[in-house]
Amino acid sequence: MPGLATGQQHSRSCAQPCGDREPALPRPRCLAPGSQLAATPRLDKDHGGTRIGFGGAQAVHLAQSLVSLGIADRNDWEQAGKDPLRMTKTVLERLLEEHGNAVVAAHYELELRLGQSLFDYGGYRANGIDPTLLFFSLSPYSSFPVCMGKIVDELETVHPGLGMAAYRTLQNALYRWVRVYDESDARQYIDMSMESIEEGEEEQCEIPKLDPDLPACLRARKSSWRQSRQPKLSAYPLPGEPRMRHFVELVRQIHRASHSGSRPDNAALLDELRHTYSLAVALPVVVLHFRDGDAISACFDFEAEFWGQETPEPNLVLSFHPDRPEEVKACLKVLAVVTRILALIVGLSDLLRPKEN
Amino acid sequence: MRLDVDLGDVIELKLDRALLVYANQQRSRHMVTVHTVQHAENHLPVLGTGTLLSMETLRELAKQLGSGTLLECLPENVIARTPETLAWWTPAEVRPMFFGAGSELGGVSGKPFPHPPLLFVVAKGILHVRALCENRRPAATSRLAVAPYWNTGGDGKVCHGTMRAPNGVSSASIPQWETAFFQSEFTHPGDTVKLTRRKGGVVPLWQSLAGARRFPRRTLIAAEGLIDYLKGLESK
């Protein structure tokens, strides 16, 4: 690799140029008896084995970009055995680690895929999509629950409106980057279930009731937060009680982290992908609910049973040209933001979890 | 999060065997031999004694590996086909079912029941059944559901018992397999696992559906994806 390789690279070319092929072999007719096959030709050492790369050209470009950005160095290249794929993976893992991926990996089932196509469809790429692009895609295998009912109620008793402001701030901070399953999804599921019930089927169906499980401040306001004149979280003073104070600080931190990066504008790409693939709605990375076994959890469980019929849309899609360092840098910045937010959510969830005696 | 980098592979390949092609000057006669390879101490590979390779040998090998399926045109309801496996689907429909006399469902035996769309799979001579979540031909990624039938396990395996199962897995045998499934008596729960979300289980489900026209989809329990299910059966 230019800039790192100390030895000389050799290109691998086709031994038989196209257009100059031998005719297909005719069917064998006269075969020699096995006893005459005593020839033991000797081969060169190079015929004994080799290391061969399949489709690794873009990995080389990406590795070069990582080097030019100063994210990878000669040491990484040497430690990876001069394998651009291995080096790229190691460097990206290190980068995620620096932003809290150890915590994220321990609490979420998330896959961050880097590939030449968005999905593992045997290399199939949608028409009309630049073949030199690489994609990062983030998809969950399960959802991380955050139970917020108690803290929202507690904050409301300290300053009316504070509980809801904290909840909505958190919700919107997450919405910017990942899919969240919350009370609005539960309400939609319940409405759809009620519509599809036929007369006489009511007793057969278990349809959760949402409103009794919502904190009072959310129950009272059915209009959207944006429509209402809810003050921002920063407008409220911090509570004096340490746990509540820590919670509000964490939500503010998550809000700041969420707004520290710009979500990539790849609407056209997503439209093209949706047109090409039959994609289901993205699976939620986080579930915001209010108490164990509440209506939101129940609706989530009902819906989750039928997820996976079709490939879900990833939560996050980042496309970039691996040979353009500025594009690589922008993607890595987004990944850092998302990793940081998800790690902070774990801290927030730990804070809300009842302490065992 | 787990990082999966799929940008190709770099793998170590070691010379394992060699095919040598011999020809006369006119290239009218050929011979192919397969050679093992020995790696000497100096790492120089040396070809071992060769054995003959003929087209007949290749054909016989392919046949023994199971590619001996007879040519046939597949009907539209066939989902997958290998020499040992046949998978097809049936749309939701009303069919009669028969339950063992004296069983909890004996009282509704012979009545018409609405059935969900179904996936049938004959794998290694055993019938398996899963319900489909949507009334259309499933795709490889379609999510399946547990089939809520007696004599059927949570994995979809049908207890054949005295059922008159047809021989073979040609597409022509599909109607016979369906007849064998629906016209045999369902006599007992096939498994201890939960087969339906209906309160009380399979018995109240079918009791409530006797004479009904539509199977309630929300009573189905989601299972694996279609391709995973088929691969699972193939590997058993």
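# A guided tour, from a loop of chain B to the helices of chain A

Begin by selecting B:K124, which is partly exposed, with a relative accessible area of 43%. Bear in mind throughout that this is a predicted model, and that every value mentioned on the way was computed from it. B:K124 sits in the loop between β11 (118-123) and β12 (126-132) of chain B, and its phi is positive, about 50 degrees, although the residue is not a glycine. As background, most residues other than glycine have a negative phi.

Stay in chain B and select B:R27, in the loop that lies between β3 (17-23) and β4 (30-39). Here too phi is positive in a residue other than glycine, with a value near 55 degrees. Is B:R27 buried or exposed? With a relative accessible area of 51%, B:R27 is exposed, since the word applies to values over 50%.

Next, move to strand β1 of chain B, residues 2-6, and show its side chains. B:L3 and B:V5 make up the covered face of this strand, whereas B:R2, B:D4 and B:D6 belong to the uncovered one. In general, the side chains of a regular strand alternate between the two faces of the sheet.

From this strand you can cross into the other chain: add strand β2 of chain A, residues 110-115, which runs parallel to β1(B) and is joined to it by five bridges. To look at one position in that pairing, pick A:L114, which stands opposite B:V5, a residue of the covered face of β1(B).

Now display the whole of chain A, which has 12 helices and seven strands. Of its 357 residues, 45% are buried, and its accessible surface comes to about 19100 Å², with 51% of that belonging to carbon and sulfur atoms. Taking the contacts in chain A between residues at least 6 apart in sequence, 77% join residues that are at least 24 apart.

Within chain A, select the open sheet of three strands, whose order is β4-β6-β5 and whose pairing is parallel. β4 (144-147) and β5 (180-181) stand at the edges with a single partner strand each, so one side of each is left without a neighbour in the sheet. Zoom in on β4(A) together with β6(A), residues 286-289, where four bridges connect the two strands in the parallel sense. Among the residues to pick there, A:V146 has A:L288 as its bridge partner, and A:C147 has A:H289. Which residues of β4(A) point to the buried face? They are A:F144 and A:V146, while A:P145 and A:C147 point to the other face and are not buried.

For the last stop, select helices α5 (residues 149-158) and α9 (residues 242-258) of chain A, whose axes come within 11 Å of each other and cross at roughly 105 degrees. That angle makes α5(A) roughly perpendicular to α9(A), because angles from 65 to 115 degrees count as such. The residues of this contact divide into six nonpolar, no polar and two charged. To see them, show A:I151, A:E154, A:L155 and A:V158 on the side of α5(A), which meet A:R243, A:M244, A:F247 and A:V248 in α9(A).

Methods. Residues numbered from 1 in each chain as written. Chains lettered and ligands numbered in written order. Predicted model: local features only at pLDDT ≥ 70, side-chain atom pairs only at ≥ 80, totals over all residues. Heavy atoms only, no water. Axes fitted to C-alpha atoms, helices over the stretch in contact; angles between N-to-C directions. Parallel < 35°, antiparallel > 145°, perpendicular 65-115°, else oblique. Contact = heavy atoms within 4.5 Å. Nonpolar A, V, L, I, M, F, W, Y, C, P; charged D, E, K, R; others polar. Buried < 20%, exposed > 50% of the residue type's maximum accessible area, 1.4 Å probe, protein only. Areas by Shrake-Rupley, 256 points an atom, 1.4 Å probe, with all protein chains shown as cover. Pairing = 2+ DSSP bridges.
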